[in-house]
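Student: I'd like a close look at one part of this protein, the disulfides. Could you take me through them in one go, with the surroundings as you see fit?

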Amino acid sequence: MKRLMLLSALALAGCYTKETEQPSGVGSFQVTVKGFYAADTNPRAALPVVSSCLARYGSLNAVPLEVRGTPDCRLALPRTAVDIDLDVVAVDVNGQPMPEFNNPVSFRTVPGNLTGAYRYRWSQLNQGQGSGTVRTGQLYGEVHVWVEDEPVEVDYSNGEVIAGELPQEPASRSYATGLSRSIFFEEPTIATVQVPQNGDQLTAYNGTFMRIGVNPEAGAVLKQNCAPDDPNHDQPVTLLVTGTDPGGFYVTDLTACRIKEGSVSGGNTQTPEPSGYYPGRFNSIYIYNYSFPEGLDPGDLLWTIAGSVQEFTATTQLTFPSWSIREKVRLLPQSEWNKYLALAPPTEINGRLCGYSASPYVTDPLCGYSYGNYKMESLESSLVKVRRVKFPTVFKNCDANGNNTVPFFCPDTRAGTFGSCGTDNPSDPDVPERQCNIDCTLGVGQFANQVCAEKNTYDSFGQFVVEMNPPGQPAAGLDDSVPARLQALAAVPPVAPATEQWTRSTNGFAAGVTVAVACDEPVSVRFGGTSVPAAEGTQELAALTRLDHVMAASESYVWVSGKDTTTTANCTVSQHPRSRINVVMKDAVPDLVVNCSETDGDADRQQQCKLLHAATFDVTGHLRHVSAARPRWVVQPRDQDDVCCYPGPGLECPRPIKPCVTP
């Protein structure tokens, strides 16, 4: 009864409802995309579309603007900055144009990062309308351009705003936002991340969080966008775990596209690949997990990998990663554990990949030294193999001042020498340490014609140099990848057993260089001048056997004579570049003692060291880039099975290495 009386009293008092006041001012922005262009091109170059769309329309000019950047006609992934032209209209909360809006508006893209001058980060609206160009990079997948009534994003250096063309800030900001239509770029692959930008070996996506691949519940499988004649075009992206280590794992995209040699800006090619394509597909990456990746094994397939793209020692990697497993091979019979790994055979590193040109060059001893050598970069984090390499016989500690560091060095290609990577004070203690490192690493000076590893580097990182195979006949186990480095020489049979016929090399060699000789039949070899050398210098060379010889001051030419009275022996002669590459195998083969002495007081250790020094080795592993290292490329075996040996004459392999199985 009391409740009823109260309601009646309220009614008599004239109770009413007040309508909420409607907000005023800018509510959003209409953002219309007017075009997509590669930044800093004159005349402006329109962004390309994926090959499937290009094939549909016949040419880029024939693709309508409204079709570009749609799911059926994605824009090709850019590795440099992109300019997106916009028209912007301010609208109120009811969606009506606001001619009274006269503020500057700022831009951003998601995903993507603004770059370039500030004039590409904002636009002034007058009477509620304006246009502008946003310059951005690191774009992939579904992208929106955001137009916002808020301050412009600025860059900082040393804690201060970098000067530029910033607008006059209005008295207040509404923080209203408008978005463009969805702009679809290609979904990223490993090659998206790995192909270098702007003439260096660094990724265009450094610092970007990126997901590669698609889980089956998230949509259609990600497919490769290759050239129409590429066998992998339109094939599903297939992510294979090729190896694990204490800090993470390696992944290779098995169906990546071929990339034509010379098509990536900044690359230099000394000797072209016979196929016309890079030896690798920029299709492998290291996933840094900060710990061993529990639950993963070599040979597993993944649906996705994701993480922050980072450069560490110039090796591109994903950090703070996540991944989803597609197939675990260890759940299969053991005979099938390698069924996917067999699809990713290692690529052999040879002189052509190291960067040999037709003639010897100052950087030959440092395999892949040039930053423009994209042959090696195309194989970063992939499985590679070096054949018949020699391990060091000398370990020299160049850390004279005991600070546990040794300065690295750079070549002066004009002077043909090596030295500091800048300007040294002659009294700087780094000068003698650096020279020691140069002499040891390159096998010159006090370590001439020796394979020497710098001991401080070995002790700190487990890293040591190995000497690569010289140019020569492949049947003799040598490297014929750069034919211009080889001199062909015919060893003519003797007229009679006592009448030898001698033939000399076409070109002479300088004193002090090492030449490599190999023949398909037994021959006699001499070294001398333009006339047949004296008989006392004769060396007998068996068929398909390598002979290394350091030319003396009186020696310029190689002379050969056949031994069989009916057969001409075919020989190759070349200057041995004594190229080096780095190896780290402390985790893969911890029981192999590389830093050993043939005069060790222990008889067994002494014998094992002799076996190691007499042998050559095949080493398979993942290729890492360490920019401060000399050489800068490092091969990291996965386990003991990645290393095998060719024993010295009459000897065996050092423990625990097994002999190589020759075909």
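Student: To start with, is Cys421 buried, partly exposed or exposed?

Tutor: Keep in mind that this is a predicted model. Cys421 has a relative accessible area of 41%, so this residue counts as partly exposed. Its partner in a disulfide is Cys410, with the two sulfur atoms 1.9 Å apart. The torsion about that S-S bond is about 95°, so the link is right-handed. Cys410 sits in strand β22 (residues 410–412), while Cys421 is in the loop between β23 (417–419) and α6 (430–442), so the bond ties together parts that are 11 residues apart in sequence. The two ends don't get the one label, though: Cys410 comes out at 16% relative accessibility, and because the cut-off for buried is under 20%, Cys410 counts as buried.

Now for some company. A search of the whole structure turns up 10 disulfides, and two more of them are worth walking through here. Take Cys596 and Cys609, joined with an S to S distance of 2.1 Å. The angle about their S-S bond is 75°, and the link is right-handed. Cys609 belongs to helix α8 and Cys596 to the loop between β34 (580–584) and α8 (603–614), so this pair ties a loop to a helix across 13 residues of sequence. Cys596 is buried, at 17% relative accessible area, and Cys609 is buried too, at 1%.

Then there's Cys226 with Cys257, a disulfide whose sulfur atoms are 2.0 Å apart. This one is left-handed, with -80° about the S-S bond. The pair links distant parts of the chain, 31 residues apart: Cys226 is in the loop between β13 (209–213) and β14 (239–245), and Cys257 is in the loop between β15 (248–253) and β16 (284–288). Both Cys226 and Cys257 are buried.

Since you asked for surroundings, here's a sheet to look at as well. Its 4 strands run in the order β27-β32-β29-β30, forming an open sheet with antiparallel pairing. At the edges you'll find β27 (503–504) and β30 (539–541), each pairing on one side only. Inside, strand β29 (residues 523–528) and strand β32 (residues 557–562) run antiparallel and are joined by 6 bridges. If you want one contact to zoom in on, try Ser524, whose bridge partner in β32 is Ser561. As for what does the joining there, strands of a sheet pair through backbone hydrogen bonds.

Conventions: Residues are numbered from 1 along each chain as its sequence is written. This is a predicted model: local features need pLDDT of at least 70, side-chain atom pairs count only at pLDDT 80 or more; totals for chains, interfaces and linings use all residues. Side-chain values use heavy atoms; hydrogens and water are left out. Two strands pair if DSSP finds at least two bridges between them. Helices (H or I, at least four residues) and strands (E, at least two) are DSSP runs, numbered from the N terminus. A disulfide is a pair of cysteine sulfur atoms within 2.5 Å. Buried means under 20% relative accessible area, exposed over 50%, partly exposed in between (1.4 Å probe, protein chains only).
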